[in-house]
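Reader: I'm new to looking at protein models. Could you show me how to read one, feature by feature?

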Amino acid sequence: NGQTYGSGQSFTVTLQRFEVYQAQSPGDLTGTRIQTSARAAVFSGNVRTRVDLSASRDHLVQQMLPTPSYGSTFHIVPFPERTVGDKVRVVAGTANTEIRINNGVIGTISQAGGFIEYNLDSNSRVQLTATNPVMVLQFVKSQDGRDSLEEG
């Protein structure tokens, strides 16, 4: 609709069956809350971004989970045949959510929609637990961070 909205502002969009709405931002939209009166698929992504320190840029897209599908215990393994590790982002469904890796506290997410990130070593297998439901996203690090033997 060509409108600009600031942090904390809300708006309503009415869609008919098979219609699509695209929202864009120059910044990170993690934590944006979307409410629907009917079932809908929500995708998030970035046309050209980097994961961790790299000159390379990657296209990212993810179908988002509805908050009732969030969980509190996850077993995370690195992407295979990578030597630079992965980036894990944990998004809280509710405020004051404590996050633990292998029973050690790595932080508390103070607000719903807030997040914390964790660098997963390429040789690690971890258990992530949370005191409230969370969504966990795992990203392979961008191209410049890869082993020279890997093919693009």
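Author: Sure! Keep in mind that this is a predicted model. Let's begin with tyrosine 21: its relative accessible area is 34%, so it counts as partly exposed.

Reader: Where does tyrosine 21 sit along the chain?

Author: Tyrosine 21 belongs to the segment before β1, and β1 itself covers 43–49.

Reader: How many helices and strands does the chain have?

Author: The chain has 0 helices and 8 strands. Read from the N terminus, the order of elements is β-β-β-β-β-β-β-β.

Reader: How do I read a pair of aromatic rings?

Author: Here's the general idea: you describe such a pair by how far apart the ring centres are and by the angle of the planes. In this model the count is 1 aromatic pair. Phenylalanine 11 and tyrosine 21 make up that pair, with 6.1 Å from centre to centre and 55° between the planes, and it is classed as tilted. Both partners lie in the segment before β1, so the pair ties together parts that are 10 residues apart in sequence.

Reader: Is phenylalanine 11 buried, partly exposed or exposed?

Author: Phenylalanine 11 has a relative accessible area of 37%, so it goes down as partly exposed. Both ring partners also belong to a nonpolar patch on the surface, formed by Tyr5, Phe11, Val13, Leu15 and Tyr21. Together these residues have about 410 Å² of accessible area.

Reader: OK, now charges. How many salt bridges does the structure hold?

Author: There are 2 salt bridges. One of them joins arginine 89 to glutamate 117, with the closest N and O atoms 2.8 Å apart. That pair links distant parts of the chain: arginine 89 is in strand β4 (residues 86–92) and glutamate 117 is in strand β7 (residues 115–120), 28 residues apart.

Reader: Which of those two partners is buried, and which is partly exposed?

Author: Check each percentage in turn. Arginine 89 has 13% relative accessibility, and because buried means under 20%, it counts as buried. Glutamate 117 has a relative accessible area of 37%, so this one is partly exposed.

Reader: What else does arginine 89 lie over?

Author: Arginine 89 lies over the face of phenylalanine 115, at 3.8 Å from the ring centre.

Reader: And what about the salt bridge of arginine 100?

Author: The side chain of arginine 100 meets that of glutamate 98, at 3.1 Å from N to O. Arginine 100 is partly exposed at 28% relative accessibility, and glutamate 98 is partly exposed too, with a relative accessible area of 24%.

Reader: Can we try a residue without a charge? What does the side chain of threonine 97 reach?

Author: Threonine 97 reaches the backbone oxygen of threonine 94 with its side chain, at 2.8 Å. You'll find threonine 97 in strand β5 (residues 97–101). Its relative accessible area is 0%, so threonine 97 is buried. For the chain as a whole, 24% of the 152 residues count as buried.

Reader: Let me try one: is valine 61 buried or exposed?

Author: The value for valine 61 is 57% relative accessibility; exposed means over 50%, so valine 61 counts as exposed. Valine 61 is part of strand β2 (residues 58–63).

Reader: How do I compare position along the chain with position in space?

Author: Put both numbers side by side for a pair of residues. Valine 61 and serine 44 are 17 residues apart along the chain, and 5.6 Å separates their C-alpha atoms.

Methods: Residues numbered from 1 in each chain as written. Predicted model: local features only at pLDDT ≥ 70, side-chain atom pairs only at ≥ 80, totals over all residues. Heavy atoms only, no water. Helix = DSSP H or I, 4+ residues; strand = E, 2+ residues; numbered from the N terminus. Buried < 20%, exposed > 50% of the residue type's maximum accessible area, 1.4 Å probe, protein only. Patch = residues over 30% accessible without salt bridge, like charges linked within 9 Å, V, L, I, M, F, W, Y side chains within 5 Å. Areas by Shrake-Rupley, 256 points an atom, 1.4 Å probe, with all protein chains shown as cover. Salt bridge = Lys/Arg side-chain N within 4 Å of Asp/Glu carboxyl O. Phe/Tyr/Trp six-rings, centres within 6.5 Å; stacked < 30°, edge-to-face > 60°. Lys NZ or Arg CZ within 6 Å of the ring centre and 35° of its normal. Polar contact = N/O pair within 3.5 Å; in protein donor to acceptor, adjacent residues only side chain to side chain.
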